[in-house]
Amino acid sequence: ENLVVVENSGATGVTIYVDDSNTAGPWDGTQNYPYQTIQEGITAATTGDTVFVFSGSYDENVIITKDLTLTGENKDTTYIDGGENGHTVQAGIIDNDIEVHLSGFTIKDAGGGGFDCIHFSYIVNSEITNNKILNSLEGEGIAIDHSHALSIRNNVISNNNVAGISLTESE
């Protein structure tokens, strides 16, 4: 008989790692060979996975379209910088509720009219915790629409042009 061992089976998901200092590669999302960008980690993730981001500065606009946990190593040293162009972190799929847990980052520099540092749309049973949310030039720090059962706690939200937190058609 053959014995097959399947690691990380079940509903718990796996952890995918991201570290901007892994410039030499290879990049496979393991702790030894993490991806360089957060979006690469998210793309490689499947439903229920965790993307763990080591301290560093990630100059990118992050898009999340599946259930996942996105965790930064330290909110004071792990930056997602939207480059004053679009939403910095955008999560959701219209008419298809997903679950997203976001913590441990400084999320900053959204840019352009109506673009926010964090934009959650059609999100359920989720949380935004322990972040710094700064400098949305023409939008909100956190904008929530069509979402419910979302906890926003222990965040520092400052210097956002329109509002710190806005809710639309949400509870």
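How many helices and strands does the secondary structure of the protein come to? Here is a friendly walk through this predicted model, point by point.

1. **Overall make-up.** To take that opening question: the protein has one helix and 16 strands. Its radius of gyration is 16 Å, close to the 16 Å that the globule rule gives for 171 residues, so the protein is as compact as a globular protein of that length. If you would like a feel for the dimensions, the C-alpha atoms fill a box of roughly 65 × 35 × 25 Å along the principal axes.

2. **Inside and outside.** Of the 171 residues, 44% are buried. The accessible surface of the protein comes to about 8400 Å², and carbon and sulfur atoms account for 46% of that surface.

3. **Contacts along the chain.** Take the contacts between residues at least 6 apart in sequence: 58% of these join residues at least 24 apart.

4. **Charges.** You will find 5 positive and 25 negative side chains in the protein. The centres of these two sets lie 9 Å apart.

5. **Aromatic pairs.** A search of the whole structure turns up three aromatic pairs. One of them is formed by Tyr 17 and Phe 54, which are stacked, with 5.9 Å centre to centre and 20 degrees between the planes. This pair links distant parts of the chain, 37 residues apart: Tyr 17 sits in strand β1 (residues 15–18), while Phe 54 lies in the loop between β2 (49–53) and β3 (56–59).

6. **A closer look at that cluster.** Are Tyr 17 and Phe 54 buried or exposed? Buried means under 20% relative accessible area, so Tyr 17 counts as buried at 18%, and Phe 54 counts as buried at 17%. Phe 54 also pairs with Phe 52, this time edge-to-face, at 5.1 Å centre to centre and with 80 degrees between the planes. Ring pairs thus join Tyr 17, Phe 52 and Phe 54 into a cluster.

7. **Ile 142 and its neighbours.** Another residue to look up is Ile 142, found in strand β13 (residues 140–145). Ile 142 has 0% relative accessibility and therefore counts as buried. Which residues does Ile 142 touch, not counting those up to four places away in sequence? They are Ile 118, Ile 128, Ile 133, Ile 152, Ile 157, Gly 164, Ile 165 and Ser 166.

8. **From Ile 142 to Val 53.** To relate Ile 142 to another part of the chain, turn to Val 53, 89 residues apart from Ile 142 along the chain. The C-alpha atoms of Ile 142 and Val 53 are separated by 21 Å.

Key: Residues are numbered from 1 along each chain as its sequence is written. This is a predicted model: local features need pLDDT of at least 70, side-chain atom pairs count only at pLDDT 80 or more; totals for chains, interfaces and linings use all residues. Side-chain values use heavy atoms; hydrogens and water are left out. Helices (H or I, at least four residues) and strands (E, at least two) are DSSP runs, numbered from the N terminus. The radius of gyration is taken over C-alpha atoms; the globule rule is 2.2 Å times the number of residues to the power 0.38. Buried means under 20% relative accessible area, exposed over 50%, partly exposed in between (1.4 Å probe, protein chains only). Contact means heavy atoms within 4.5 Å. Accessible areas come from the Shrake-Rupley method with a 1.4 Å probe; for residues, only the protein chains shown count as cover. Lys and Arg count as positive and Asp and Glu as negative; His and the chain ends are not counted. The place of a charge is taken as NZ of Lys, CZ of Arg, CG of Asp or CD of Glu. Rings of Phe, Tyr and Trp (its six-membered ring) pair if their centres lie within 6.5 Å; planes under 30 degrees apart count as stacked, over 60 as edge-to-face and the rest as tilted.
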